[in-house]
Amino acid sequence: MTWGRVEPSALLQLTSDPFVRYAAPPGTLALTGPHGWAVLVRWRPHGHWGGGAVVAPDAPRGAESEALQELTHLAAARGVVPEWFSTVGDRELRAPAGLQVQGEGRWAFLWTTRVDDLPPGPAGLVELDDTTDAEEIEAFGRGHNPAFEGFPGHGLASLWLGVRDATGPAAVGALHVLGSGAPHLAGIVVRTDRRGSGLGAALTAELTRAAVSRHGVATLGVSSSNAVAVSLYDRLGYAAAHHFHTRTLVPRAVDDPGPTAQL
């Protein structure tokens, strides 16, 4: 398969794809080919470069690997190394020279511009500070979800919201800023004894309203295995742009024998 470079604005015109529209900042590296397209984006304002290839089911085997190789070459000219890359579904991905796959995950990129039908915000809602409240947010998040990824205190959040009740903190959630500037819901955690009460839906709705009010869109990523969260976001009007199979890329050890296909 032959890949050719294209400007992100042209790719958006060709595809009208929500991931390109909302997650691809200026400077995104983009490719198109006979069977699809691929991008390498600056996911965070400070970096964390990654992306993916979206190809038709009949695309040649190895098409995504070729795209990743070409994007890695283009990125090297900027002093950038991709840290992750995705395919749609369980298609082959071969790491380029100098990199290897170390870990994988399956998730969906969701988005919405709708707020009319959202439930009201929760009682006890408070705004938290990413710096001064970081220790409390981290302790609460880790205490009720060991996989908490809110990263308070790292300058990634434009807004933290919390909910307090008679016994203390009951929920937290944030709007992170993508490298594109788009808001991305993250770090939403509900205290164990309040789960199933509608609190998570109410807090997510409030964060969604804030994102759409400020930027015209709300985005988020959800693990494909989290059926409860997937169902919640569907009820709140989020649409899935893509279901991704993402591989983490790390530098290859000097004595490693070479790249291998990863599914």
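Q: How do you know that helix H3 has a reach close to the expected one?
A: Helix H3 is residues 63-76, and helices here are DSSP runs of H or I with at least four residues, while strands are runs of E with at least two, both numbered from the N terminus. The expected span of a helix is 1.5 Å times one less than its number of residues. For the 14 residues of H3 that comes to 20 Å, and the distance from first C-alpha to last is also 20 Å. A word on the source: this is a predicted model, where local features need pLDDT of at least 70, side-chain atom pairs count only at pLDDT 80 or more, and totals for chains, interfaces and linings use all residues. Numbering starts from 1 along each chain as its sequence is written, and side-chain values use heavy atoms, with hydrogens and water left out.

Q: Why is Ser-65 called buried?
A: Buried means under 20% relative accessible area, exposed means over 50%, and partly exposed is in between (1.4 Å probe, protein chains only). Ser-65 has 9%, so it counts as buried. Ser-65 sits in helix H3, where the buried residues also include Ala-63, Leu-68 and Leu-71.

Q: What makes Ser-65 a polar partner of Arg-94?
A: A polar contact is a pair of N or O atoms within 3.5 Å; within protein, one must be able to donate a hydrogen and the other to accept it, and residues adjacent in sequence count only if both atoms are side-chain atoms. The backbone nitrogen of Arg-94 is 2.7 Å from a polar atom of the Ser-65 side chain, so the pair falls inside that limit. Plain contact means heavy atoms within 4.5 Å. Ser-65 has such contacts with Glu-92, Leu-93 and Arg-94, leaving aside neighbours within four places in sequence.

Q: How do you know that Thr-246 is buried?
A: Its relative accessibility is 11%, so Thr-246 gets the buried label. Thr-246 belongs to strand E13 (residues 239-251). It touches Trp-84, Phe-85, Ser-86, Gly-103, Glu-104, Gly-105 and Trp-107, not counting residues up to four places away in sequence. With Trp-107, the side chains also share a polar contact of 2.7 Å.

Q: What makes His-176 buried?
A: At 1% relative accessibility, His-176 earns the label. Its place is in strand E10. Its side chain makes a 3.1 Å polar contact with the side chain of Arg-44, and one of its polar side-chain atoms lies 2.8 Å from the backbone oxygen of Gly-150. Among the other residues His-176 touches are Glu-149, Phe-151 and His-184.

Q: Why are the buried residues of H6 said to lie on the same side?
A: The buried residues of H6 (residues 227-235) are Ala-229, Leu-232 and Tyr-233. They cover an arc of only 95° around the axis, so they share a side of H6; the arc is that of the directions from the helix axis to the C-beta atoms. An α-helix has 3.6 residues a turn, so residues three or four places apart point the same way. On the other side of H6, Ala-227, Asp-234 and Arg-235 are exposed. The cover over the buried residues of H6 includes strands E7, E11 and E12 and helix H5.

Q: Why is Phe-151 called partly exposed?
A: With 33% relative accessibility, Phe-151 falls in the partly exposed class. It sits in the loop between H4 and E9 and has a positive phi near 50°, though it is not a glycine.

Q: What makes the space lined by Val-126 and Phe-140, among others, a cavity?
A: On a 1 Å grid over the protein atoms alone, a cavity is a set of points where a 1.4 Å probe fits but cannot get out, whereas a pocket is an open set with protein on both sides within 12 Å along at least five of seven lines; lining residues have an atom within 4 Å of a point. Grid points are joined across faces, edges and corners, and a volume is the space filled by probe spheres set on the points. The count is one cavity of 30 Å³ or more, and the largest cavity holds about 60 Å³.

Q: Which strand gives the most to the lining of the largest pocket?
A: Strand E11 does, with seven residues. The largest pocket holds about 1500 Å³ and has 41 lining residues, with Glu-149, Gly-221, Val-222, Ser-223 and Asn-226 nearest its centre.
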